[in-house]
Amino acid sequence: MTLHIFNPEHDLAMAANLKNFTASHSVRAFRTDMGFLPALWAGDDDMVMVEDAKRAYATLKKIRARLAASGCKAGGNVEFVMPGEIAGMKVEKIDVWGWDSAIVNSILQNDIICDTLPDMGHLEMIRKLSHRQTATGLLKKFAGDIFVGESFFCGNVDMVAELLYRYGRIVIKAPWSCSGRGIRFAEKCIGNHLAGWIKNMLKIQGGVMVEPYYRKIMDFGMEFYSDGHGKVDYVGMSLFNTKNGAYTGNVIATETYKLDIIGKYIPDEYILNVKERICTYLGDVYNNKYAGPLGIDMMIVPQSDGRGYLLHPCVEINLRRTMGHVALAVDPEDDEIVRSMEIVNNNNYQLKIKSL
């Protein structure tokens, strides 16, 4: 039996690096409204911790009905439990959205007993691996052919300015941040406001990551699972949409359908090559260091002459579960079934399943 906990504040908690981290009101509301999500991938008889079990059952019933009517998987039988109901209980395994010191502290404060909780040394290792420099290391494994992408760690503003002069337009990222946050764009010059933000990141996180700006055609990702013993397995493709860098929704479809979409731009042999290289490289990186799900964001970029497309194979690595994993958990088996999975906020956050 596994206890599942949805902690979408993980990226923010990782950046803050505080065991007593408190997320913003909107993030806490998101966690409350979407706490049922693990039921979509949890096993039969697993438990999912939520703040309101009655509400979670009602929401899950509606979501499963929509998924079933759409020909998609709808998950197994789970039990929703609230923190007070499992105080003092010992569980075999705890599965979270992402591991950080804040979620471990919350588990301990709720008096949940589990022998497999990561200790502080392990948590610090996960945080180190979550630094965007890990993505830079992977990116260096791809060069030539149809691959594109560079990333640099900068320890001062002058280094950022030099890269801006070289490329003309750049993306500046905090080493630890969540999608749509901790990202800034610069073109031609660095103004006082941006310089202040960079200096703040230098002080708080020790530096910033800088990448050339790429005019993308589409976003997509690949989802993986690390066993923690040197083996990383490919789980599936993720087609998703973003707005201003923030996630807006996923495509729910078969792997065949998604590969056909990507195949319009990138030959299948390159996709296979990317998967194999990632599994090999990250298998070594995560050996005895990280076990769990992860996702890699990628994008397709037009060639400068307009005669083809390039693949950016590692925009970032999310060392946690992703919405791509959620979409894969409910993917249909019929190639003709294609749906969208979106999160909307109309007074509260809701998961919407729609036809495309």
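**Exercise 1. The overall fold**

In this predicted model, residues 24 or more positions apart supply 68% of those contacts in the protein that have a separation of 6 or more. Determine what the radius of gyration is and which value a compact globule with 356 residues would have.

*Solution.*

Step 1. Begin with the elements of secondary structure: the protein comprises 11 helices and 15 strands.

Step 2. Consider the extent of the chain. The C-alpha trace spans about 60 × 50 × 45 Å along its principal axes.

Step 3. Apply the globule rule. A compact globule with 356 residues would have a radius of gyration near 21 Å, and the protein has 21 Å, so the two agree.

Step 4. Turn to burial and surface. Of the 356 residues, 53% count as buried. The accessible surface amounts to about 17000 Å², and carbon and sulfur atoms hold 48% of this area.

**Exercise 2. A salt bridge between distant parts of the sequence**

State which residue forms a salt bridge with Asp95, and explain why the pair ties together parts far apart in sequence, giving the number of residues between those parts.

*Solution.*

Step 1. Find the partner. Asp95 forms a salt bridge with Arg321, and their closest N and O atoms are 3.0 Å apart.

Step 2. Check the distance. A salt bridge requires the nitrogen and the oxygen to be within 4 Å, and the value of 3.0 Å for Asp95 and Arg321 meets this condition.

Step 3. Place both residues. Asp95 belongs to strand E4 (residues 93–96), while Arg321 is in the loop between strand E13 (309–318) and helix H11 (323–329); the pair therefore ties together parts that are 226 residues apart in sequence.

Step 4. Assess the burial. Residues under 20% relative accessible area count as buried. Asp95 has 14% relative accessibility and is buried; Arg321, with a relative accessible area of 10%, is buried as well.

**Exercise 3. Two further salt bridges**

The structure holds 12 salt bridges. For the pair Glu187 and Arg169 and the pair Asp233 and Lys231, give the N to O distance and describe the exposure of each residue.

*Solution.*

Step 1. Take Glu187 and Arg169. Their side chains meet in a salt bridge with an N to O distance of 3.9 Å. Glu187 lies in strand E7 (residues 183–187) and Arg169 in strand E6 (residues 169–173), so this pair ties together parts that are 18 residues apart in sequence.

Step 2. Describe their exposure. Glu187 is partly exposed, its relative accessible area being 45%. Arg169 also counts as partly exposed, at 35% relative accessibility.

Step 3. Take Asp233 and Lys231. The N to O distance in this salt bridge is 2.4 Å. Asp233 is partly exposed with a relative accessible area of 34%, and Lys231 is partly exposed with 43%.

**Exercise 4. A buried acid without a salt bridge**

Asp46 is buried yet has no salt bridge. Identify the nearest side chain of opposite charge and the polar partners that the side chain of Asp46 reaches.

*Solution.*

Step 1. Locate the residue: Asp46 is in strand E2 (residues 46–49).

Step 2. Look for an opposite charge. The nearest such side chain is that of Lys93, at 8.1 Å, whereas a salt bridge needs a distance within 4 Å.

Step 3. List the polar partners. The side chain of Asp46 reaches the backbone nitrogen of Thr2 at 3.2 Å. A polar contact of 2.9 Å also joins the side chains of Asp46 and His4.

Step 4. Add the surroundings. Apart from neighbours within four places in sequence, Asp46 is in contact with Met1, Thr2, His4, Asn77, Val78 and Glu79.

**Exercise 5. Positive phi angles and a helix residue**

Give the phi values of Asn17 and Asn347, and then describe the contacts of Tyr57.

*Solution.*

Step 1. Recall the general rule: most residues other than glycine have a negative phi.

Step 2. Examine Asn17. Its phi is positive, near 60 degrees. Asn17 is in the loop between helix H1 (10–16) and helix H2 (25–33) and is partly exposed at 38% relative accessibility.

Step 3. Examine Asn347. Its phi is about 75 degrees. Asn347 is in the loop between strand E14 (339–345) and strand E15 (349–355), and is exposed with a relative accessible area of 86%.

Step 4. Turn to Tyr57, in helix H3 (residues 53–69). Leaving out residues up to four places away in sequence, Tyr57 touches Val78, Glu79 and Phe80. A polar atom of the Tyr57 side chain lies 3.1 Å from the backbone nitrogen of Phe80.

Note on methods: Residues numbered from 1 in each chain as written. Predicted model: local features only at pLDDT ≥ 70, side-chain atom pairs only at ≥ 80, totals over all residues. Heavy atoms only, no water. Helix = DSSP H or I, 4+ residues; strand = E, 2+ residues; numbered from the N terminus. Buried < 20%, exposed > 50% of the residue type's maximum accessible area, 1.4 Å probe, protein only. Lys, Arg positive; Asp, Glu negative; His and termini not counted. Polar contact = N/O pair within 3.5 Å; in protein donor to acceptor, adjacent residues only side chain to side chain. Contact = heavy atoms within 4.5 Å. Rg over C-alpha atoms; globule rule 2.2 N^0.38 Å. Areas by Shrake-Rupley, 256 points an atom, 1.4 Å probe, with all protein chains shown as cover.
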